[in-house]
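Please look over the sequence and the model, and then follow the paragraphs below. They take up empty spaces, then cores, then single residues.

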Amino acid sequence: MSKATTNQVNRTTTTYLPLAVAPSQVLRGENCLKESGEAIARLGIRPLIVGGDRTLKIIQPYVDFITKKQQLITSSASYSPDCAESSLQQLQSAVTSHQANLIIGVGGGKALDTAKLLAYQCNLPVVTIPTSAATCAAWTALSNIYTEEGAFQFDVALDRCPDLLILDYGLIRTAPKRTLVAGIGDALAKWYEASVSSGSSSATLTIAAVQQARILRDLLFQKSPAAVANPDSDDWLEVVDATVLLAGVIGGLGGANCRTVAAHAIHNGLTQLRCAHQALHGEKVAYGILVQLRLEEMVQGNQLAVSTRQQLTEFYREIGLPKTLEDLGLSNISLAQLRQAAEYACLPNSDLHRLPFTVSPEELMAAMVSLPKDH
């Protein structure tokens, strides 16, 4: 057999990981949820709707309208207390009892993560309907698992993105402004983490993801202040698209190696503390970006990180993102609690170790408490 033939055989027999870049279909528009019944019905006529107790009540008028128009047979189930393994077991029973052939996730990141993972476990199609712009969970092929008390445990990579994403701007607009601000913080991390973990990659799709992350950062810098100030503006629409959709594109193109570094690891550490649970995901991540930059300054002596952190701090102040532990509501955190969060963030399998230098829990603690309150 010739060398060329051998190479051809090797190429055809190599096993490739699935590339989950985007949902099969995205519907977006003002009050588009009421017009989405036909697209939903094509996926299944016996949907189980998964969400939090409050969200399920909010969504019920939409469900009633779609159910009547499309003659669907629906049932609802709460994912509470959290996106936990015990909740998933209960929801699997609900799938069986309803004979569901479709999962619809409604709500924030944890509700959507639960619905996606439930659909994956039950081999069913899934529809995601975000009720805020706080995360890109409606887009991604990933679910985070927490304990019943809300502490992060691990994430699960799924084999595909959702079958249908419905981004209803009218529904998103009813969410508190704080959720959009948190979504901006979560989306910003795409650049600050991807540029560290994958900035020197030569892989085509990774390069594309990193450059998209840079564009996302610039777009958010330009449009976020006006978007936060006026939810009826075009800038608001663009920022919602950025936090829910474009941030998800970057995760899909870049994959796990381009997804998270220290900012999300610090978020995961903080979730181990009950006193930090009042802070939203994106708020903790935004604070984690500043800590990551502070680590680059402290450990590497990186002066670019100093100026970058100062620029970010000004932006955070303008739109209302947390800059310190005090801003996160953790002014009374004990040394033992801080160590617990730092040690979790520094576990051997943590994404924090994608930094180009080693970080000890003591160094992380020092960075977390030494962020200046003002510049």
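What is the volume of the largest cavity? The model is a predicted one, and in it the largest cavity has a volume of about 110 Å³. The strands and helices that each give two or more residues to the lining of this cavity are strand 2 (47-51), helix 3 (53-70) and strand 4 (102-107). Helix 3 gives the most, with 5 residues. In total 14 residues line the largest cavity, and those nearest its centre are Ile40, Ile49, Val63, Ile66 and Ile104. Sorted by class, this lining has 12 nonpolar residues, 2 polar ones and no charged ones.

Such spaces can be found by calculation. Rolling a probe the size of a water molecule over the atoms shows where empty space is left. With a lower limit of 30 Å³, the structure holds 2 cavities.

The second largest cavity contains about 70 Å³ of space. Its lining includes Lys116, Ala119, Tyr120, Leu124 and Val126, and also Leu158, Asp159, Arg160, Cys161 and Pro162. Which helix supplies the largest share of this lining? That is helix 5 (residues 109-122), with 3 residues. By class, the lining of the second largest cavity has 7 nonpolar, no polar and 3 charged residues.

Pockets are the next topic. About 270 Å³ of space lies in the second largest pocket. Of the 14 residues that line this pocket, Trp191, Tyr192, Ser195, Leu304 and Thr308 lie nearest its centre. Four helices each supply at least two lining residues: helix 7 (177-198), helix 8 (204-229), helix 11 (281-300) and helix 12 (303-319). The lining of the second largest pocket divides into 7 nonpolar, 4 polar and 3 charged residues.

Helix 7 can be checked against a simple expectation. At 1.5 Å a residue, the 22 residues of helix 7 should span 32 Å, and the C-alpha atoms at its ends are 32 Å apart, so the two values agree. Is helix 7 mostly covered or mostly uncovered? Helix 7 is mostly covered, with 17 of its 22 residues buried.

One residue of helix 7 is aspartate 186. Aspartate 186 has a relative accessible area of 5% and therefore counts as buried, since buried means under 20%. Leaving aside neighbours within four places in sequence, aspartate 186 is in contact with Ala134, Thr135, Cys136, His264, His281, Gly282 and Val285. Aspartate 186 and methionine 298 are 112 residues apart in sequence, and their C-alpha atoms are 24 Å apart in space.

Helix 8 contains alanine 209. The relative accessible area of alanine 209 is 0%, so alanine 209 is buried. Beyond its neighbours within four places in sequence, alanine 209 is in contact with Ile250, Leu253, Gly254 and Cys258. Alanine 209 and alanine 194 are 15 residues apart along the chain, and their C-alpha atoms are separated by 8.0 Å.

In helix 11 lies arginine 294. Is arginine 294 buried or exposed? Arginine 294 is buried, because its relative accessible area is 16%. Not counting residues up to four places away in sequence, arginine 294 touches Arg309, Ala367, Ser370 and Leu371.

The nonpolar cores come next. The largest nonpolar core has 80 residues, and among these Leu270 and Leu364 touch the most other members. Helix 9 (residues 234-254) gives the most to this core, with 11 residues. A second, separate core has 26 residues, including Val50, Val126, Val156 and Leu158. Two of these names have appeared before: Val126 and Leu158 also line the second largest cavity. As for leucine 270, what does it touch when neighbours within four places in sequence are left aside? Leucine 270 is then in contact with Ala276, Lys284, Tyr287, Leu328, Leu330, Ala341 and Met368.

The last residue here is glycine 51, which lies in strand 2. Strand 2 was named above for its part in the lining of the largest cavity. Glycine 51 has 0% relative accessibility and so counts as buried. Apart from residues up to four places away in sequence, glycine 51 touches Leu56, Ala77, Ser78, Tyr79, Val106 and Ala111. Glycine 51 and proline 162 are 111 residues apart along the chain, and 16 Å separates their C-alpha atoms.

Note on methods
Residues numbered from 1 in each chain as written. Predicted model: local features only at pLDDT ≥ 70, side-chain atom pairs only at ≥ 80, totals over all residues. Heavy atoms only, no water. 1 Å grid on protein atoms, 1.4 Å probe; cavity = no way out; pocket = protein on both sides within 12 Å on 5 of 7 lines; lining within 4 Å. Points joined across faces, edges and corners; volume = space filled by probe spheres on them. Nonpolar A, V, L, I, M, F, W, Y, C, P; charged D, E, K, R; others polar. Core = buried A, V, L, I, M, F, W, Y, C linked by side-chain atoms within 4.5 Å. Buried < 20%, exposed > 50% of the residue type's maximum accessible area, 1.4 Å probe, protein only. Contact = heavy atoms within 4.5 Å. Expected span 1.5 Å × (residues − 1).
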